[in-house]
Structures are given as C-alpha cells and as structure tokens.
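User: I am new to this structure and would like a close look at a single part of it, the three-stranded sheet and what packs around it. Please set that part in the context of the chain as well.

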Amino acid sequence: MADAGHTTHTLQEAVSILDSGLRSFMQTVESKPETMPLRTELEPCFLLIDQLKNWEAVLMTGRFRSLLLSLLSSLDRIIQRAVDQGLLSYRDFGANPDEPTPPFLLETILLIGPELRISKDQMTAGLAIPLEFAHLWNVERLKAGLARQGITSIHEAALTAIIQRPGTLFKIARGKEPVPGTDAVLLDCLQLSELAGKPTIKGQIADFKEIHTIVNVSQGQPILKKIPATPGVPGFTVFGETIPCHDGEDIPFPEIPFTEYSPDHLTLRSAID
C-alpha cells in the first residue's frame, strides 16, 4: 500500500522537480526580451513553491496535493497563453502541438498521479481526471500512476472510459471481502438424536415395549459421518492488503466403544455386529 510517508515523499519530489524545471524554463524566458509580461506572471510562482516547501510538514496530504495541482494548472495556462500570444514557441521548452505542456510540468503531474477517492474501508477506489489535465493522460499513464500509489486489481475498461469522459468519476478498483470458513458438521447416520426413550402412545395406552433406546448395527455400518471444516479465504483491499478471515472449526468424533474410523477419518463406523 502507498502509505502516508510514501505519498508525502512523492509530493516533496514533485515540488523539487517543479522548482528545478521552472527555474530552467525562466532562463529560456529571460533570454527573450519580448517575454517580459510572461516573466512578471511567473515570478510569483516561485514564492508559492517556497511556501509549499514550508507547508510540507504541516498540511494534510490531500490539501497539499490540491494546492500543488492548482499551481501546476495555473502554470500550464500561463505558458499556453504565452504561446498563443506568440511570446514563445513550443520548441523553446521542448514541447509540441500534440503534447503542448512543458515537459517539467508533465513530469510533475505524472509523478503526483491521478487523484483517487478511496472508500473508508479501502474496498473501492474511484477516479476522475480533472478537465484541465485531460489532455495529459492516457491509459498507460493512468496505470503507471495508479501503480505508484499502490492500487491493485485495476479495471482497465474503466480507465478507457475515464479518458473518454474526463471529469466523470468512475470506480477503477474493488477489493475482495474475506470469506470465513465453515465449521465441521457431524451427521447422525443412525438418527440417534431422535431416540427419545419414551413409550409410544396408542390412544390412552403407553406401550413400553416400543421404547426406542437401542439400535442394532452391523460391523462396518456408519454411525457418524463428518463434513470437514473448510479454510477461510482471505480478502484484500484496493491496495492489495490482506484482510484476514477465520477458518472453520473442527468437531471431534465422540468416544464410542467398539467403533473405528474409516481410512479418511471422516466416518465413524461400528467395529462389530
């Protein structure tokens, strides 16, 4: 499972990539005198990045992630607007019309991975691609991002639907509930449990000659049979964590004189007539 420590480390790494990439990008921008308006827009972003570095230890992971994604979205819009205005070309920062986002932003977004909605019991995971990043994701990138976050048992058909309908929440993974084992059961082959030891009532007369307390059996005749206990089947969460289960409990045969076990020890039978 992608625990909190791993997630925090990933976000810290993402901020570092963003900081380094933006500084390199600014060197390109500063080499072009006509890009002064763009520089003015980008300079406050460094302050936000420094704030994020200071907030790493105090902000909840979800909040930190949300702020970082918001900054990435703003940077992407600012840079795309500069291209539309003719201040920059895609070649200036290693992009192209088919993949217009600057590589350092793309690397940061893919490292963060898609935002998941995990149920409290961690048995279902949902995913919706934000509309502003819809052009960045494909099925393979989604699978890689989910794998980094520890998600297993991914529904690939759902990933295709997510790409086709950005902004729509889909369930992309489901855990499996544990199945407890069943206890052993002893079957009364002679229906001994029905021997009441009471006389048969015929009208107003009690017939003590027909008290059923003795049953005649032959050698080898089954007395009790056992349906053995079954082991439980563990479940797992969407992170692949095992959910334990209980195995069924065995029931021993009672001690009965002049009996023996079958070779498989699942039948107690008479050893004599």
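Analyst:
**The three-stranded sheet and its surroundings**

Isoleucine 151 is a useful place to start. Beyond its neighbours within four places in sequence, isoleucine 151 is in contact with Leu116, Ile118, Ala125, Leu146, Ile172, Ala173, Val238 and Phe239. The model is a predicted one, and the values below are computed from it.

Several of these contacts lead to the sheet. Its three strands are arranged in the order β1-β2-β3, the sheet is open, and the pairing is antiparallel. β1, residues 116–118, and β3 are the edge strands, and each of them pairs on one side only. From one strand to the next, the twist averages 30°. As a general point, the strands of a sheet pair through backbone hydrogen bonds, in either a parallel or an antiparallel way.

Take the pairing of β1 with β2. These two strands run antiparallel and are joined by three bridges. They form a hairpin, with five residues between the strands. Glutamine 122, in the turn, has a positive phi of about 60°. Within this pair, isoleucine 118 stands opposite alanine 125 of β2.

On the other side of the pairing order, β2 and β3 also run antiparallel, and four bridges join them. Alanine 125 appears here again: its bridge partner in β3 is alanine 173. Leucine 127 stands opposite phenylalanine 170 in β3. Isoleucine 118, alanine 125 and alanine 173 are each among the contacts of isoleucine 151.

What covers β2? Both of its faces are covered. Thr124 and Gly126 lie on one side, Ala125 and Leu127 lie on the other, and all of these are buried. A helix also packs against this part: α6 lies across β2 and β3, and runs at about 155° to β3.

The sheet can now be placed in the interior of the chain. The largest nonpolar core has 56 residues. Those with the most contacts inside this core are Leu18, Phe25, Leu68, Leu72, Ile151 and Ile172. At least two residues of the core come from each of α1 (4–30), α2 (36–55), α3 (61–84), α4 (103–112), β2 (124–127), α5 (139–148), α6 (156–164) and β3 (170–174). Among these elements, α3 gives the most, with 10 residues. Apart from this core lies another, of five residues, including Leu190, Leu224, Phe253 and Leu268. Ile172 links the core to the starting point, as one of the residues in contact with isoleucine 151.

A second sheet can be set beside the first. This open sheet has four strands in the order β4-β7-β11-β10, and its pairing is antiparallel. β4 (185–188) and β10 (259–261) stand at its edges with a single partner strand each, so one side of each has no neighbour in the sheet. The twist in this sheet averages 20° from one strand to the next. Three bridges join β10 to β11, residues 267–270, in the antiparallel sense. In that pair, threonine 259 stands opposite serine 270 of β11.

Two kinds of residue in the chain deserve a note, the cysteines and a proline. Cysteine 45 counts as buried because its relative accessibility is 5%, under the 20% limit. Cysteine 245 is partly exposed, with a relative accessible area of 25%. The structure holds zero disulfides. Proline 37 lies in helix α2, and at 48% relative accessibility it counts as partly exposed. Proline 37 and leucine 87 are 50 residues apart in sequence, and 9.1 Å separate them in space from C-alpha to C-alpha.

Finally, the chain as a whole. Its secondary structure comes to six helices and 11 strands. Of the 273 residues in the protein chain, 35% are buried. Among contacts with a separation of 6 or more, 66% are between residues 24 or more positions apart. The accessible surface of the chain comes to about 16000 Å², and 55% of this belongs to carbon and sulfur atoms.

Conventions:
Residues are numbered from 1 along each chain as its sequence is written. This is a predicted model: local features need pLDDT of at least 70, side-chain atom pairs count only at pLDDT 80 or more; totals for chains, interfaces and linings use all residues. Side-chain values use heavy atoms; hydrogens and water are left out. A nonpolar core is a set of buried Ala, Val, Leu, Ile, Met, Phe, Trp, Tyr and Cys residues joined through side-chain atoms within 4.5 Å. Buried means under 20% relative accessible area, exposed over 50%, partly exposed in between (1.4 Å probe, protein chains only). Contact means heavy atoms within 4.5 Å. Two strands pair if DSSP finds at least two bridges between them. Axes are lines fitted to C-alpha atoms, for helices over the stretch in contact, and angles run from 0 to 180 degrees between N-to-C directions. A disulfide is a pair of cysteine sulfur atoms within 2.5 Å. Accessible areas come from the Shrake-Rupley method with a 1.4 Å probe; for residues, only the protein chains shown count as cover.
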